[in-house]
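I opened this structure with a notebook beside me and wrote down what I looked up, entry by entry. Come along if you like reading over a shoulder.

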Amino acid sequence: MNIENTISPKALYESMKSAGEIQSDEHQAAAVAHFERLYNELIDYPELSRKRSSLTIKSWRFANFFRWSGGDKKPPRGLYLYGGVGRGKSMLMDLFHDLAPLKTKKRVHFHEFMLDVHARMKEWRGFSGKERIAHGGKPTEDDPIPPVARQIALEATLLCFDEMQVTDIADAMILGRLFRELMELGVVVVATSNRVPDELYKDGLNRQLFMPFIDTVNKEFDVVALDGPTDYRLNRFKGVQTYYTPINEETTRKLSDAFFKLTDRDVDDRDKVASDTLVVQGRELFVPKAARGVAVFSFKRLCANPLGAADYLAIARRYHTVIMVAIPKMEIDKRNEAKRFVTFIDALYENGVKFLCSAAVEASALYPSGDGAFEFERTVSRLMEMQSEEYIGRGHGIAEK
């Protein structure tokens, strides 16, 4: 791939420091050196694509893949970056993903990726023999993991996973084999996590069956700690109000100022603050504004439309902070909106997502009467707790203790 006029992770990181966008941090600088190594090794790295492959079964292993590509270079070692909340893991991985000199690459929240894998496996089991052949498999290939790995490899030579954590036994049972298949196909993996590999799925059911995956990570990845003393995410929240009322120009401006402090981006600058799209159960969910793990929605978009728990969980797992604009006082005729708001706040709360909003009235008066008003009192309690320093200090995706 021609990388003329591009910039490497180290060069961009130094540029961001010089511009004052980030502080000097020796722990981050050490991690950037690993990203720089991987960046350089990906230059001219062969990418698998539908044009390059005949989608035949016999030559899907890594050696044949590189024979097709006219070389015998081995795949670069993956990278597993772990450390405490707010140390810059996601920021560095996003920086690397954006710069990586590959056309086929994907950055995805780990939980979202596993949901997609399970959906693909279910689909494969339901295919007829002809459909399996059409999707690059054998008609008698009942094991879905190899063909699913091949599908993923065609879509992304580089996979970047954010917030790898394994709590589900179904995920644990397939991860080892899936990752082995992906790496044999030449897929390069980068992951961030709050946990060192040896602590993944700790105390989980049948954990011994998960140990091969941990062994793979320890042997095949550079395992790098990013656990400096500064929680940058928490520092950005210092002095930031989270609940603004009433809804007017002043509170709108304050929310915009908060977005800027959390992301170094002007919410009105379309060149710097792009929209985003989440795929939820095959549907696309539009995110109007998103940057550095912070997303902006209106109440109307999320609660006046027929969305449900799956949509809200997808948001909660993708973003560490959500800003909601213009929450109205909900009267009796807004019981559906109130119910959706309850589900939305539950999803954020259970995943430790920080919540900023502008509202017509104080939380206690948002939905004072009507069907479900009693249950809404718990949401009011959670909204109050989500303004506390203790809650703000919770890590994203870390359940309530």
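**Starting at Asp264**

I began with Asp264, which is partly exposed because its relative accessible area is 22%. A reminder to myself before going on: this is a predicted model.

I then looked for the partner of Asp264 and found that its side chain meets that of Arg292 in a salt bridge, at 3.0 Å from N to O. The pair links distant parts of the chain, 28 residues apart. Asp264 sits in the loop between helix 11 (249–263) and strand 7 (276–280), while Arg292 sits in the loop between strand 9 (289–291) and strand 10 (294–298). I checked Arg292 as well, and at 24% relative accessibility it counts as partly exposed.

**More salt bridges**

How many salt bridges does a search of the whole structure find? I got 23.

I went next to Asp142 and Arg132, whose side chains meet in a salt bridge at 2.8 Å, N to O. Asp142 is in the loop between helix 6 and helix 7 and Arg132 is in helix 6, with their positions 10 residues apart in the chain. Are the two partners buried or exposed? Asp142 has 55% relative accessibility, so I noted it as exposed. Arg132 has a relative accessible area of 6%, so I noted it as buried.

The loop between helix 6 and helix 7 came up again with Asp143, which lies there and pairs with Arg177 of helix 8, 34 residues apart. Their side chains meet in a salt bridge at 2.3 Å, N to O. I wrote both down as partly exposed: Arg177 has a relative accessible area of 40%, and Asp143 is at 29%.

I also noted a network of salt bridges that links Arg37, Glu41, Arg77 and Asp222.

**Gly136**

I stayed with the loop between helix 6 (129–134) and helix 7 (145–155), since Gly136 lies there too. Gly136 is buried because its relative accessible area is 2%, and buried means under 20%. I took a C-alpha to C-alpha distance to Leu79 and got 29 Å, for a sequence separation of 57 residues.

**Helix 1 against helix 2**

I turned to helix 1 (residues 9–18) and helix 2 (residues 26–42), and asked at what angle their axes cross. The axes come within 8 Å and cross at roughly 145 degrees. Helix 1 makes the contact with Pro9, Lys10 and Tyr13, and helix 2 with Gln28, Ala29, Val32, Phe35, Glu36 and Tyr39. I sorted these residues by type: six are nonpolar, one is polar and two are charged.

Also in helix 2 is Ala30, which I marked as partly exposed because its relative accessible area is 42%. Ala30 and Val224 are 194 residues apart in sequence, yet their C-alpha atoms are 8.8 Å apart in space.

**Helices 8 and 9**

I found Ile169 in helix 8 (residues 169–184). With a relative accessible area of 32%, Ile169 is partly exposed. Which residues form a nonpolar patch on the surface with Ile169? I listed Met173, Leu205 and Leu209, and the four together have about 350 Å² of accessible area.

Thr216 I found in helix 9 (residues 211–220). Thr216 is buried, at a relative accessible area of 10%. Leaving out residues up to four places away in sequence, I saw that Thr216 touches Arg180, Met183 and Phe221.

**Backbone checks**

My last pass was over backbone angles. Which residue has a positive phi of about 65 degrees although it is not a glycine? Asp44 does, and I repeated the note for Asp203, also at about 65 degrees.

Asp44 is in the loop between helix 2 and helix 3 (62–68), and it is exposed because its relative accessible area is 52%. Asp203 lies in the loop between strand 4 (188–193) and helix 9, and it is exposed at 72%.

I closed the page with a peptide bond: the one from Thr245 to Pro246 is cis, with omega near -5 degrees. Pro246 is in the loop between strand 6 (243–244) and helix 11.

Conventions:
Residues are numbered from 1 along each chain as its sequence is written. This is a predicted model: local features need pLDDT of at least 70, side-chain atom pairs count only at pLDDT 80 or more; totals for chains, interfaces and linings use all residues. Side-chain values use heavy atoms; hydrogens and water are left out. Patches are made of residues with over 30% relative accessible area and no salt bridge: like charges are joined within 9 Å, nonpolar side chains (Val, Leu, Ile, Met, Phe, Trp, Tyr) within 5 Å. Accessible areas come from the Shrake-Rupley method with a 1.4 Å probe; for residues, only the protein chains shown count as cover. Helices (H or I, at least four residues) and strands (E, at least two) are DSSP runs, numbered from the N terminus. Buried means under 20% relative accessible area, exposed over 50%, partly exposed in between (1.4 Å probe, protein chains only). Axes are lines fitted to C-alpha atoms, for helices over the stretch in contact, and angles run from 0 to 180 degrees between N-to-C directions. Contact means heavy atoms within 4.5 Å. Ala, Val, Leu, Ile, Met, Phe, Trp, Tyr, Cys and Pro count as nonpolar, Asp, Glu, Lys and Arg as charged, and the others, Gly among them, as polar.
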